[in-house]
Amino acid sequence: MKSLYGLKKAPRAWYEKVIEHLLKTTFKHYDLNDATLFVNKVGKIVVYLVAYIDDLLMTGNNESYIASIRRNRGKVLK
């Protein structure tokens, strides 16, 4: 993925790679008009992740669970 940076289609390729990974995990997928929403529920823990082009917004009710997701994100882009 690092070779894509600087190319015109890099954001789209990044988006597709991230979406592909999230669909393989426990996140459920919801299409919105301009973005894509993913929701992950594990017991009482809920994490919301919104992907828009090459930006991600993640929030939820358990900081340590979100941190574990963030630690694993590097594995997606390799």
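Is Phe27 buried or exposed? Phe27 is buried, with a relative accessible area of 8%. Buried means under 20% relative accessible area, exposed means over 50%, and partly exposed lies in between (1.4 Å probe, protein chains only).

This is a predicted model, in which local features need pLDDT of at least 70 and side-chain atom pairs count only at pLDDT 80 or more, while totals for chains, interfaces and linings use all residues. Residues are numbered from 1 along each chain as its sequence is written, and side-chain values use heavy atoms, with hydrogens and water left out.

**The aromatic pair**

A search of the whole structure finds one aromatic pair. The ring centres of Phe27 and Phe38 lie 6.4 Å apart and the planes stand at 85 degrees, so the pair is edge-to-face. Rings of Phe, Tyr and Trp (its six-membered ring) pair if their centres lie within 6.5 Å; planes under 30 degrees apart count as stacked, over 60 as edge-to-face and the rest as tilted. The two residues are eleven apart: Phe27 is in the loop between helix 1 (10–24) and strand 1 (28–31), and Phe38 is in strand 2 (residues 36–42). Helices (H or I, at least four residues) and strands (E, at least two) are DSSP runs, numbered from the N terminus.

**The sheet**

Four strands form an open sheet in the order 1-2-3-4, with antiparallel pairing. Two strands pair if DSSP finds at least two bridges between them. Strand 1 and strand 4 (55–60) stand at the edges with a single partner strand each, so one side of each has no neighbour in the sheet.

Strand 1 and strand 2 pair in the antiparallel sense over four bridges. Here Tyr30 stands opposite Leu37, and His29 has Phe38 as its bridge partner. Strand 2 and strand 3 are joined by seven bridges and also run antiparallel. Across that pairing, Lys41 of strand 2 faces Val46 in strand 3. These two strands form a hairpin with two residues between them, and Gly43 in the turn has a positive phi of about 65 degrees.

**Strand 2 and its buried residues**

Five of the seven residues of strand 2 are buried, so the strand is largely enclosed by the rest of the structure. Three of its residues are listed here.

| Residue | Relative accessible area |
|---|---|
| Thr36 | 2% |
| Phe38 | 0% |
| Asn40 | 2% |

Asn40 has a polar partner: a polar contact of 3.1 Å joins its side chain to that of Thr26. Such a contact is a pair of N or O atoms within 3.5 Å; within protein, one must be able to donate a hydrogen and the other to accept it, and residues adjacent in sequence count only if both atoms are side-chain atoms. Not counting residues up to four places away in sequence, Asn40 touches residues including Phe27, Val47 and Tyr65. Contact means heavy atoms within 4.5 Å. With the same sequence limit of four places, Thr36 touches Tyr15, Ile19 and Leu49, among others.

**The core**

Which residues form the largest nonpolar core? There are twelve: Trp14, Tyr15, Val18, Ile19, Leu22, Phe27, Phe38, Val47, Leu49, Ala51, Ile66 and Ile69. Helix 1, strand 3 (45–52) and helix 2 (63–76) each supply at least two of them. The largest share, five residues, comes from helix 1. A nonpolar core is a set of buried Ala, Val, Leu, Ile, Met, Phe, Trp, Tyr and Cys residues joined through side-chain atoms within 4.5 Å.
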